[in-house]
Number of protein chains: 2
Amino acid sequence: MRIEDAPGRSIQDDYPDDVSHCYGCGRLNPEGLRIESRWDGDDTVCVFTPRACHTAVPGYVYGGLIASLIDCHATGTAAAAASRARGLEPPSNTLPRFVTASLHIDFLRPTPLGVALEVRARAEEMTKRKVVVSVTLSAGGVPCARGRVVAVEMPASMTRSSADGG
Amino acid sequence: MRIEDAPGRSIQDDYPDDVSHCYGCGRLNPEGLRIESRWDGDDTVCVFTPRACHTAVPGYVYGGLIASLIDCHATGTAAAAASRARGLEPPSNTLPRFVTASLHIDFLRPTPLGVALEVRARAEEMTKRKVVVSVTLSAGGVPCARGRVVAVEMPASMTRSSADGG
């Protein structure tokens with residue numbers, strides 16, 4: 001079964017447990033944002049409604065949250081796109097984990113607070129261990145920020161089981 | 001009195017109240033990170049120790065927090081540098097407020113969780129309403145991320161008093 005055939009299941013649901021604690025997208029981080037990304041054709045989409053505390057100046061969303069949404073949605077997109085390109089069907093909890101090598105964001109206009117934001121991404125380039133992802137964050141259909149993320153497959157040395165020697 | 005002569009007072013302490021609610025650096029946001037920036041010669045420095053929940057994968061700091069620290073510290077730096085360049089001594093609560101036009105971050109290596117991070121910045125270029133800020137985030141003296149932020153003076157239309165017509 002392909003990811004897009006299971007609308008209830010997010011890309012992040014397929015991360016292995018030991019790399020699912022991210023503040024932005026980890027399903028095992030009870031204090032985090034727990035963003036969820038899903039395929040939509042060749043794009044991926046994440047919908048997230050900021051909380052009132054996620055203010056920049058009153059009425060607008062804080063740039064650090066916008067960066068977080070773009071970053072985590074892009075690494076999820078990279079993981080899912082790499083998995084798809086490798087011809088791997090995504091069985092539960094075995095998606096590769098990508099981390100961010102570089103993050104670029106152009107803030108096009110202030111992002112209004114109090115509405116759902118759509119973060120839409122696409123894997124634009126892919127090499128063996130690197131995926132370049134373009135991202136647009138919109139509010140009410142109006143693009144507010146554009147991002148470009150270079151994501152690389154996480155080295156095994158970053159996992160706790162490796163660090164612990166386990 | 002210059003800002004650097006008052007070590008107890010941060011750059012953010014001099015933002016006007018109505019633009020001091022930012023999740024990253026607003027002293028009036030009780031749920032936020034409340035980062036503080038101070039002059040150190042021609043640099044500015046922010047020291048911040050992430051909480052345990054600010055995890056990327058276990059043992060390392062979440063990239064969205066790194067982006068938040070770089071973003072807010074850079075806009076604070078832009079505000080303070082612009083104020084200094086204009087020959088304004090910073091009386092309480094009248095610092096200009098800058099917002100981010102673009103944010104670029106290169107993640108040089110994983111940032112360890114559990115230690116204080118130093119975010120050091122400098123205003124590299126300045127025009128009438130724009131400041132370009134370079135930023136280095138280090139852990140234990142080792143640079144983990146480098147940033148470049150283009151900050152622009154916030155348009156008056158973004159303030160609540162303006163939005164409210166007040």
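Student: Over how many bridges do strand β5 (residues 130–139) of chain B and β6(B) pair?

Tutor: First, this is a predicted model, where local features need pLDDT of at least 70, side-chain atom pairs count only at pLDDT 80 or more, and totals for chains, interfaces and linings use all residues; side-chain values use heavy atoms, leaving out hydrogens and water. Residues are numbered from 1 along each chain as its sequence is written, while chains are lettered from A and ligands numbered from 1 in the order in which they are written. Strands (E, at least two residues) and helices (H or I, at least four) are DSSP runs numbered from the N terminus, and two strands pair if DSSP finds at least two bridges between them. For β5(B) and β6(B), which pair in the antiparallel sense, the number of bridges is ten.

Student: Which residue takes a positive phi in the hairpin of β5(B) and β6(B)?

Tutor: Look between the two strands, where the hairpin has two residues. The one with a positive phi near 60° is B:Gly140.

Student: What is the bridge partner of B:Val132 in β6(B)? And which residue of β6(B) stands opposite B:Leu103?

Tutor: B:Val132 has B:Val150 as its bridge partner. For the second one, go to the pairing of β3(B) with strand β6 (residues 142–153), antiparallel over nine bridges. Opposite B:Leu103 in β6(B) you'll find B:Val149.

Student: In what order do the elements of chain A run?

Tutor: Chain A has two helices and six strands to place. Starting at the N terminus, the order is β-β-α-β-β-β-β-α.

Student: How much of chain A is made up of buried residues?

Tutor: Here buried means under 20% relative accessible area, exposed means over 50%, and partly exposed is in between (1.4 Å probe, protein chains only). Of the 166 residues in chain A, the buried share is 52%.

Student: How many residues of chain B are in contact with chain A?

Tutor: A contact means heavy atoms within 4.5 Å. Chain A brings 39 residues to these contacts, and chain B brings 38.

Student: What is the area buried between chain A and chain B?

Tutor: The size of an interface is often given as the accessible area lost when the parts come together. Buried area is counted that way here, with a 1.4 Å probe and summed over both parts. Carbon and sulfur atoms give 60% of it, and the total is about 3000 Å².

Student: How many residue pairs are in polar contact between chain A and chain B?

Tutor: A polar contact is a pair of N or O atoms within 3.5 Å; within protein, one must be able to donate a hydrogen and the other to accept it, and residues adjacent in sequence count only if both atoms are side-chain atoms. With both residues at pLDDT 80 or more, the count of pairs is 13.

Student: Which element gives the most to the side of chain A that touches chain B?

Tutor: α1 (63–85) and β3 (98–107) of chain A each supply at least two residues to that side. The one that gives the most, with eight residues, is β3(A).

Student: Where in β3(B) does A:Ser102 find the residue it stands opposite?

Tutor: Five bridges join β3(A) to β3 (residues 98–107) of chain B, and the two run antiparallel. In that pairing, the residue opposite A:Ser102 is B:Asp106.

Student: How many salt bridges does the rule find across the interface of chain A and chain B?

Tutor: The rule asks for a side-chain nitrogen of Lys or Arg within 4 Å of a carboxyl oxygen of Asp or Glu. Over all chains, the whole structure has 20 salt bridges. Across the interface of chain A and chain B, the number is zero.

Student: How far apart in sequence are the parts that A:Asp43 and A:Arg120 tie together?

Tutor: These two form a salt bridge, their closest N and O atoms being 2.9 Å apart. A:Asp43 lies in strand β2 (residues 43–48) and A:Arg120 in strand β4 (residues 117–126) of chain A, so the pair ties together parts whose separation in sequence is 77 residues.

Student: Is A:Asp43 buried or exposed?

Tutor: Its partner A:Arg120 counts as partly exposed at 27% relative accessibility. A:Asp43 has a relative accessible area of 13%, so A:Asp43 is buried.

Student: With which side chain does B:Glu153 make a polar contact?

Tutor: B:Glu153 is found in strand β6 of chain B and is buried, with a relative accessible area of 19%. Leaving aside residues up to four places away in sequence, it touches B:Arg86, B:Pro96, B:Arg97, B:Phe98, B:Lys128 and B:Arg129. The polar contact, at 2.7 Å, is with the side chain of B:Arg86.

Notes
Buried area is the accessible area (1.4 Å probe) that two parts lose on being put together, summed over both.
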